[in-house]
Amino acid sequence: MSRARVFDRLATLLLWAAGLGTLVILAAFLIRILGQGLPYITWDFLTTRSQAMKAGGGVGSQLFNTFYLTGLSLLFSLPIGVGAGVYMAEYAKPGRFTDLVRLSVEALASVPSIVLGLFGMILFVNTMGWGFTIIGGALTLSLLNLPTLVRVTEETMRSVPAIYREGSLALGATRWQTVSKAVLPSALPGILTGVTLVAGRAIGETAILIYTAGVTASRHMGDLNLFNAGETLAVRIWYVKSEGLVPDADAIAAGTSALLLIVVLVFNLALALPLYLWQKKRMGR
Amino acid sequence: MLNRAYVSDKAARYLLWASAAAVTLTIVAILIFVGKEGLLTFADVNPFAFFFSPEWDPPQGHFGALPFFVGSITATLIALLLGGPLGLACAIFMAKVSPGWMRSVMRQASNLFVGIPSVVYGYIGMTVLVPWSRETFGGQGVGVLVAGMILAVMILPTITTVAEDAIRDVPGPLEEGALGLGATRWQTIWGVLLPAARPRILAGVILAFARAFGETTAVQMVIGNAPRLVPGLTSGTSTLTSQIIMEMGQTPPGSPWNRALFMMAFGLVVNSMLMILLVRWVSNRGVAK
Amino acid sequence: MAEQARISAQNLDLYYGAFRALRSISLDIAEHRVTALIGPSGCGKSSFLRTLNRMNDLVQGARVQGKILLDGKDIYAPDVDVVLLRKRIGMVFQRPNPFPMSIYDNVAYGPRIHGESNKRVLDELVESSLKGAALWDEVKDRLSKSALGLSGGQQQRLCIARSLAVKPEVLLMDEPASALDPISTSKIEDLIRDLRETYTIVIVTHNMQQAARISDFTAFFLSGELVEYGSTGAMFTNPKDQRTEDYITGRFG
């Protein structure tokens, strides 16, 4: 066999090893997280409030806050993110303003989340004087969502064939009627995929929330007060492992990690499935 | 009736424009707020000392942030060193070698890697890698090596996704040309595909660098949080992000200590701005060629 | 021309940036007749069609000089409402482009954006438009099904129905049958002959037999210029210009 051929075989082998190795790493992670954590996930763990000093606390409030904060952050960021994306795809003409917005989106996407957290802290905790609040955390979290939403919306809108726009405009539709009635519906699946992506990240975010939503949670389950501090699952893991005083920190961290992972996975599936079915229906079987 | 259509058309145009402008406004506000707070540091602290002194002892008035810059850079470079080749290999594998079913498995795996929250990465690092490192290398176990390893896994999807797309987008005739000349698959990959895809792969690596550099929670949980210059691969040190998250809570707003932490945050922002400019430059150069 | 001119292009130039795509075109389009625009690809026939309902406005850098009169009024005058213009001048495209929604919603799209929300009126419009496009019998039992489930030929007739639903006066068709099989094509051609009773039709085609079969007048474009224009019968039997003859006898293009 020639040298080149030997190298080719060797390379193929190594590339397979890299691919399989990556899968092994992932499997090890999942097995470790779920294996360690699942035993701690009991009904009590999911529904009781947490303890500051004693063992045996649950993460009920944190579980609620995770969804509450993520939902609120989407509520704030979706209109602006999708709006800006639509603007960039459908209205923006080449020029200084468009370049500036595009650069801004890239810049905002690259700002480390800890910096967003500090920005939110200056703005909401100090300047507004709210202290650590759910609303402050959610508003800051929406800055994390924003660039992804803009980018995904713009890309998806652009991928909608021009013939839909022409068809609508030729019927005498205004630009906005065309965008909202003919283009956006076609782009919706893509945008929703972007929303899942964004929500998954928001659910697991810590650095932004520690100094905006804080590391304590309401004593009452399902407390909707926007001006309470709102510790989430992810922040809870961080807190008990780095600063917490509870004696069962390891158990809480293990259980919460597994729970968080499950939440992220279920969330992705829960949105992906209806999306798939809806799209299938729209395409006329 | 038509009038209403016109009014909403106008209104929509303005609202959408305002949304786009809001994004720009946000990033400008971040630069101003964080930058102002940070630059005020130099009212009390000598800039030279901030950037080049290794001594960080705020209660004693020593604000040398050098250890954190060095810590961040070291951990990130280790991450690239470990994650870069592996990510690139996965990308080549997915683009040119793997059968279809394996590719979709890898895609799902990549999505899962992205989906795992960074605090969970940190938790794994803390409970698995740190003890492993302590047993293998002795010492504390915490430090830039474990931080780099965790970051390597975290940036894997970034590198893999960007590089796979880049390789896949190399025009077919180029590849067929090489294969037609009797080159083996590996010779084609190494000699034709990778050079052609290089600008975009490089852009992916820069993005990965930016991500790793700004990662906070995962790093903070395994770095050891000792404010000193990197003493070794497996001894406690600290990074820009981890130091901010550790100390921000205990410093009163407006104090030099607080401002110094903001200055470090501003350093993170400046770094990420430089990275996106670098990405643009690299990508444009690729197009021009 | 003896016929009454519905649309009249006068010294029309079209530029894409610095490129001059149309060179002083002057052409009268007769009411209730089918006018075919023929010529090799890139000759400007589609560009000309798109100037008639100002679809070229959407192209960055496109610029028009000269006049197009619709019932004697310049459609490029500054006070012209493009939206109303496009309501009066419908367009059917080369590739069928039904929206990804139900058959009913596709046809009702136009009336709805123009403010019609009465269910009874919409039902009637959908039915009459689908009948007008000779599609009603094929789809009347599945109006709520996705339009994307229709065949290509049905989709194109749906697009015609969609245009008819806004009650246009003129129909522009940009190679409406070029993406279809022969059977669907002949259905569309039959339909065009029927529609002539009610509408003024301008059709771009690269198929000369098609132009000969369905049109009353034919305009031959070459390199952005109008080479010859006249009644279809005369042009195909006795072309005045050598280039026209070369083209219709298949010597180029």
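**Contacts, cavities and packing in a predicted model**

Trainee: In chain A, what share of the contacts with a separation of 6 or more comes from residues 24 or more positions apart?
Mentor: This is a predicted model, and the values are computed from it. Take the contacts in chain A with a separation of 6 or more. Residues 24 or more positions apart account for 75%.

Trainee: What is the pattern of chain A, read along the sequence?
Mentor: Count the elements of chain A: there are 11 helices and zero strands. The pattern along the sequence is therefore written with α alone. It reads α-α-α-α-α-α-α-α-α-α-α.

Trainee: What percentage of the residues in chain A is buried?
Mentor: The C-alpha atoms of chain A fill a box of roughly 70 × 70 × 40 Å along the principal axes. The chain has 285 residues. Of these, the buried part is 56%.

Trainee: How many residues of helix H10 of chain A are buried?
Mentor: H10(A) covers residues 233–242 and is mostly covered. Its buried residues include A:Trp238, A:Ile237 and A:Leu233. Two residues with charged side chains, A:Arg236 and A:Lys241, are also buried. Out of 10 residues, the buried number is eight.

Trainee: Are helix H1 of chain A and helix H5 of chain B roughly parallel or roughly perpendicular?
Mentor: Two packed helices are described by the angle between their axes and the distance between the axes. H1(A), residues 3–37, and H5(B), residues 118–137, have axes 11 Å apart. Their angle is about 85°. Because angles of 65 to 115 degrees count that way, the pair is roughly perpendicular.

Trainee: Which residues of H1(A) meet H5(B)?
Mentor: On the H5(B) side, the contact uses B:Val120, B:Tyr121, B:Tyr123, B:Ile124, B:Thr127 and B:Val128. By class, the whole contact has seven nonpolar, two polar and one charged residues. The H1(A) side supplies A:Phe29, A:Arg32, A:Ile33 and A:Gln36.

Trainee: What is the volume of the largest cavity?
Mentor: The whole structure has two cavities of 30 Å³ or more. The second largest has a volume of about 30 Å³. The largest holds about 80 Å³.

Trainee: Which helix gives the most to the lining of the largest cavity?
Mentor: The lining includes A:Thr22 from chain A, along with B:Cys90, B:Met106 and B:Phe113. Its residues divide into seven nonpolar, three polar and no charged. H3, H4 and H6 of chain B each supply at least two. With four residues, the top contributor is H4(B).

Trainee: How many charged residues are in the lining of the second largest cavity?
Mentor: Among the lining residues are B:Ser72, B:Ala75, B:Phe213 and B:Glu215. H3 and H8 of chain B give two or more residues each, and H3(B) gives the most, with three. By class there are five nonpolar and four polar residues. The charged count is one.

Trainee: Which residues are closest to the centre of the second largest pocket?
Mentor: This pocket has a volume of about 1000 Å³, and 31 residues line it. Elements of three chains each give two or more residues, among them H3 of chain A, H1 of chain B and H2 of chain C. The lining divides into 15 nonpolar, three polar and 13 charged residues. Closest to the centre are A:Glu90, A:Leu169, A:Arg175, C:Asp57 and C:Leu58.

Trainee: Is B:Thr188 buried or exposed?
Mentor: B:Thr188 is found in H8 of chain B. Beyond four places in sequence, it is in contact with B:Glu175, B:Ala178, B:Leu179, B:Ala183 and B:Leu193. Its relative accessibility is 2%, and the cut-off is under 20%, so B:Thr188 counts as buried.

Trainee: What separates the C-alpha atoms of C:Cys43 and C:Phe221?
Mentor: C:Cys43 lies in the loop between strand S3 and helix H1 of chain C. It is buried, with a relative accessible area of 1%. Beyond four places in sequence, C:Cys43 touches residues including C:Ile38, C:Phe221 and C:Gly224. C:Cys43 and C:Phe221 are 178 residues apart along the chain, yet their C-alpha atoms are separated by 5.7 Å.

Notes. Residues are numbered from 1 along each chain as its sequence is written. Chains are lettered from A and ligands numbered from 1 in the order in which they are written. Side-chain values use heavy atoms; hydrogens and water are left out. On a 1 Å grid over the protein atoms alone, a cavity is a set of points where a 1.4 Å probe fits but cannot get out, and a pocket is an open set with protein on both sides within 12 Å along at least five of seven lines; lining residues have an atom within 4 Å of a point. Grid points are joined across faces, edges and corners, and a volume is the space filled by probe spheres set on the points. Axes are lines fitted to C-alpha atoms, for helices over the stretch in contact, and angles run from 0 to 180 degrees between N-to-C directions. Angles under 35 degrees count as roughly parallel, over 145 as roughly antiparallel, 65 to 115 as roughly perpendicular and the rest as oblique. Contact means heavy atoms within 4.5 Å. Buried means under 20% relative accessible area, exposed over 50%, partly exposed in between (1.4 Å probe, protein chains only).
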